[in-house]
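Hi everyone, thanks for coming. Today I'd like to walk you through one protein model, step by step. Please have a look at it first.

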Amino acid sequence: MNTTDNKKGWSCNGNITKLPEAFGTLVEMSASCLASAAARSFSLPGPATGLFCWRLLGFRSTHRRTMSSKRQMDHLQRTSNNYRQNALYPAQVCGITSESETVKRLRIAVPPDFVFKAGQWVDFFIPGVEKVGGFSMCSSPALLQREGVIELAVKYTKHPPAHWVHTMCTVGSRVAVRVGGDFFFDPSPSDPPVDLLLVAGGVGINPLYSILLHAKDLLHLNQASGGGGGNIGSAHLCYSAKNTQELLFKSSIIEMCREFPDKISCNFHVTQQSADVDAHLQPFIKSGRITVEELEASVDPQRTLCYLCGPPPMIEGISETLTELGLPKNRILYEKWW
């Protein structure tokens with residue numbers, strides 16, 4: 001495998017389909033530990049089918065207690081009821097860049113039979129690290145098909161997997177990954193078009209950026225085939241962060257908006273901006289939180305499909321607002337990060 005991203009200066013070399021003996025032991029041990037954990041705490045349901053797979057929104061009087069307890073759970077416990085693939089794949093880090101002061105972006109080479117859907121995450125197994133990480137893909141399935149790689153954007157925390165990414169991970173580091181998640185966008189050609197509303201807070205942008213990239217790829221396919229847009233009516237992104245430095249992938253998102261001005265749009269919301277905003281960002285920046293008016297302008301109960309990802313209080317508040325605006329609950333898909 002030999003892949004290169006000229007924009008980032010990344011390269012991936014080597015055959016990762018054959019494991020060194022030590023790494024094979026890691027995969028075997030990781031799978032054994034995961035099976036043991038599964039026997040104690042969760043089962044692995046079969047593959048999801050159909051256009052969309054989701055957890056329906058439901059509000060309970062005990063949600064604050066649930067949120068507090070989930071913060072104490074590790075990734076495997078928190079996602080115990082989610083779909084997971086059976087395969088655990090060897091993988092190798094082949095590129096590292098800084099996406100912001102607190103977020104590193106990894107490019108990871110994976111075997112040829114690795115597959116995922118836009119919006120899903122991976123269990124992330126690291127040699128010598130007991131805890132298993134859980135990171136959403138921030139790349140598209142098309143990039144995987146073209147170059148045999150996935151990308152992850154990991155925010156610095158003291159949680160062992162994230163800490164390892166920021167302090168010990170190097171190009172050439174070997175890990176193991178396993179795809180999971182019920183939060184994805186994977187339309188088939190015969191499905192009716194939808195208007196995507198993507199709402200992100202902080203690093204909750206990762207799976208939504210993957211979905212947005214996939215929507216862009218579908219638009220390119222439709223252009224090439226002479227279609228009129230196919231599954232994508234439009235895609236609007238509402239993305240909130242503390243300041244413009246914490247807005248991940250902003251240049252790429254703006255490029256997509258300019259490439260498909262009638263199809264893709266975005267508003268970047270900054271809540272604690274103190275420095276001047278760069279001129280090229282100004283047309284896309286809004287000061288303050290995401291508003292009801294912006295959401296209302298993007299909601300059509302018959303066509304809109306909304307994906308939300310961010311801190312639980314934000315997701316619960318926005319989903320409640322969307323329901324009040326008439327968007328059916330089965331068209332509001334969410335993933336909370338803790």
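**A walk from the sheet to the salt bridges**

Let's begin with two strands. β10, residues 232–241, pairs with β11, residues 264–270, in the parallel sense, and seven bridges join them. If you want one bridge to look for, find H236, whose partner in β11 is S265. Please keep in mind that this is a predicted model.

Now zoom out a little. These strands belong to an open sheet of six, in the order β12-β11-β10-β9-β13-β14, with parallel pairing. Which strands stand at the edges? They are β12 (285–287) and β14 (332–336); each has a single partner strand, so one side of each is left without a neighbour in the sheet. On average, neighbouring strands here are turned by 15 degrees against each other, ignoring direction. Lying across β10 and β11 is helix α7, residues 250–259, which runs at about 145 degrees to β11.

Next, the inside. In soluble globular proteins, nonpolar side chains tend to be buried together. The largest nonpolar core here has 44 residues, and the members touching the most others are L196, I253 and Y307. Which element gives the largest share of this core? That is α6, with nine residues. The core also draws at least three residues from each of domain 1 (83–180) and domain 2 (194–336). Take L196 as an example: beyond its close sequence neighbours, its contacts include F185, I211, L305 and Y307. There is also a second, separate core of 24 residues, and V93, F135, M137 and W164 are among them.

Finally, the charged side chains. Searching the whole structure gives nine salt bridges. One of these joins D123 and R84, with 2.7 Å between the closest N and O atoms. The two sit 39 residues apart, D123 in strand β5 and R84 in the loop between α3 and β3. Are these two residues buried or exposed? Both D123 and R84 are buried.

Compare that with K117 and D186, whose side chains meet in a salt bridge at 4.0 Å, N to O. This pair is 69 residues apart in the chain. K117 has 24% relative accessibility, so we call K117 partly exposed; D186, at 29%, is partly exposed as well.

A further salt bridge connects K155 with E246, at 3.6 Å between the closest N and O atoms. K155 lies in strand β7 and E246 in the loop between β10 and α7, 91 residues apart. Last of all, E99, R105, R107, E147 and E151 are joined into one network by salt bridges that share partners.

Terms used:
Residues are numbered from 1 along each chain as its sequence is written. This is a predicted model: local features need pLDDT of at least 70, side-chain atom pairs count only at pLDDT 80 or more; totals for chains, interfaces and linings use all residues. Side-chain values use heavy atoms; hydrogens and water are left out. Two strands pair if DSSP finds at least two bridges between them. Helices (H or I, at least four residues) and strands (E, at least two) are DSSP runs, numbered from the N terminus. Axes are lines fitted to C-alpha atoms, for helices over the stretch in contact, and angles run from 0 to 180 degrees between N-to-C directions. Contact means heavy atoms within 4.5 Å. A nonpolar core is a set of buried Ala, Val, Leu, Ile, Met, Phe, Trp, Tyr and Cys residues joined through side-chain atoms within 4.5 Å. Buried means under 20% relative accessible area, exposed over 50%, partly exposed in between (1.4 Å probe, protein chains only). Domain bounds come from an automatic or database domain assignment. Lists of a residue's contacts leave out its neighbours within four places in sequence.
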